[in-house]
Amino acid sequence: MSRRPRPAALCVRAALIGVLAVAGCGTAPGSSTDSVARARAAGAPGALYPDFPMRLFEAHAEVCSRPGETVVRPSPTEIRCEALLPPEATGGLILEFDGTVEDLPRLVMAFVVEAQENGEFLVFADNYLRVPQRGGGVRQLRFPDAELDANLRELFRRSGGKPL
């Protein structure tokens with residue numbers, strides 16, 4: 001007998017896909033180098049750009065303007081759109097992953113850049129759910145999605161990058 005996903009997990013996945021589809025284009029403590037390492041380890045889609053992808057960053061900030069969305073720029077090489085989730089998904093994440101109501105879970109859509117020795121810029125799109133923990137710290141939840149990855153590769157291509 002196969003194990004069916006729990007309702008909270010289904011709600012979280014639906015919210016993640018729905019918000020990413022609407023937003024189109026991203027929290028964890030640490031440097032942008034840490035962010036690049038996390039994105040690489042998670043298998044995040046990436047691309048090489050001949051110049052710093054300023055237009056990609058500007059467009060990401062512009063799109064992140066709906067109620068409940070916040071642009072975060074922890075460094076010049078990282079931009080995140082942090083979005084509140086629907087109440088059902090928020091409650092499910094808090095219950096399922098020992099979250100807290102003082103700092104609600106958020107969908108994070110991030111672009112992180114790393115300068116290369118040859119003068120190009122390596123860009124990763126890192127998307128995850130951030131669930132602040134009741135006991136402190138933050139848990140990041142990633143759900144691989146082939147369709148989202150394909151959309152991000154197309155975004156990279158259209159914005160002048162060479163998808164990896």
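Helices (H or I, at least four residues) and strands (E, at least two) are DSSP runs, numbered from the N terminus. Counted in this way, the chain has five helices and seven strands, and along the sequence they follow the pattern α-α-β-α-β-β-α-β-β-β-α-β.

This is a predicted model, in which local features need pLDDT of at least 70 and side-chain atom pairs count only at pLDDT 80 or more, while totals for chains, interfaces and linings use all residues. Residues are numbered from 1 along each chain as its sequence is written, and side-chain values use heavy atoms, with hydrogens and water left out.

**The whole chain**

Begin with the whole chain and its surface, where the exposed area is about 8900 Å², with 56% of it supplied by carbon and sulfur atoms; such areas come from the Shrake-Rupley method with a 1.4 Å probe, and for residues only the protein chains shown count as cover. A residue is called buried under 20% relative accessible area, exposed over 50%, and partly exposed in between (1.4 Å probe, protein chains only). Buried residues make up 43% of the 164 residues in the chain.

**Strand β3 and its neighbours**

Now select residues 78-84, which form strand β3. Six of the seven residues of this strand are buried, so β3 is largely enclosed by the rest of the structure.

Add β2 (69-75) to the selection, and look at how the strands lie beside each other; two strands pair if DSSP finds at least two bridges between them. β2 and β3 pair in the antiparallel sense over five bridges, and a hairpin of two residues joins β2 to β3. To find one of these bridges, select T70 together with its partner in β3, E82.

Next add strand β4, residues 106-115, which pairs with β3 in the antiparallel sense over seven bridges. Here L84 stands opposite R106 of β4.

**The disulfide**

Show the side chains of C64 and C81, which form a disulfide with their sulfur atoms 2.2 Å apart. The cut-off for a disulfide is a pair of cysteine sulfur atoms within 2.5 Å, and by this rule the count comes to one. The link of C64 and C81 is right-handed, with 80 degrees about the S-S bond. It connects distant parts of the chain, since C64 is in the loop between α3 (54-63) and β2, whereas C81 is in strand β3, 17 residues apart. Both C64 and C81 are buried.

**A network of charges**

Which residues are linked with E78 in a network of salt bridges? Select E78, R80, E82, D103 and R130 together, for these five are linked in such a network. A salt bridge is a side-chain nitrogen of Lys or Arg within 4 Å of a carboxyl oxygen of Asp or Glu, and by this rule the count comes to nine.

Start with E78 and R80, whose closest N and O atoms are 3.2 Å apart. Both E78 and R80 are buried, and E78 has a relative accessibility of 3%.

Move on to E82 and R130, whose side chains meet in a salt bridge of 3.2 Å, N to O. This pair links distant parts of the chain, with E82 in strand β3 and R130 in strand β5, 48 residues apart.

R130 also forms a salt bridge with D103, where the closest N and O atoms are 3.7 Å apart. R130 lies in strand β5 and D103 in the loop between α4 and β4, so the pair ties together parts that are 27 residues apart in sequence. Is each partner buried or partly exposed? R130, at 6% relative accessibility, counts as buried, whereas D103, at 35%, counts as partly exposed.

**Helix α4 and D98**

Select helix α4, residues 87-96, in which A89, T90, G92, L93 and I94 are buried. Just after this helix, D98 takes a positive phi of about 55 degrees, although D98 is not a glycine. Most residues other than glycine have a negative phi. D98 is found in the loop between α4 and β4, and is partly exposed, with a relative accessible area of 38%.

**The nonpolar cores**

Finish with the nonpolar cores, each a set of buried Ala, Val, Leu, Ile, Met, Phe, Trp, Tyr and Cys residues joined through side-chain atoms within 4.5 Å. The largest has 13 residues, of which Y49, L56, F111, V123 and F156 touch the most other members. Two or more residues of this core come from each of β1 (46-49), α3, β4, β5 (121-132) and α5 (146-158). A second, separate core of twelve residues includes C81, A83, F97 and L107.
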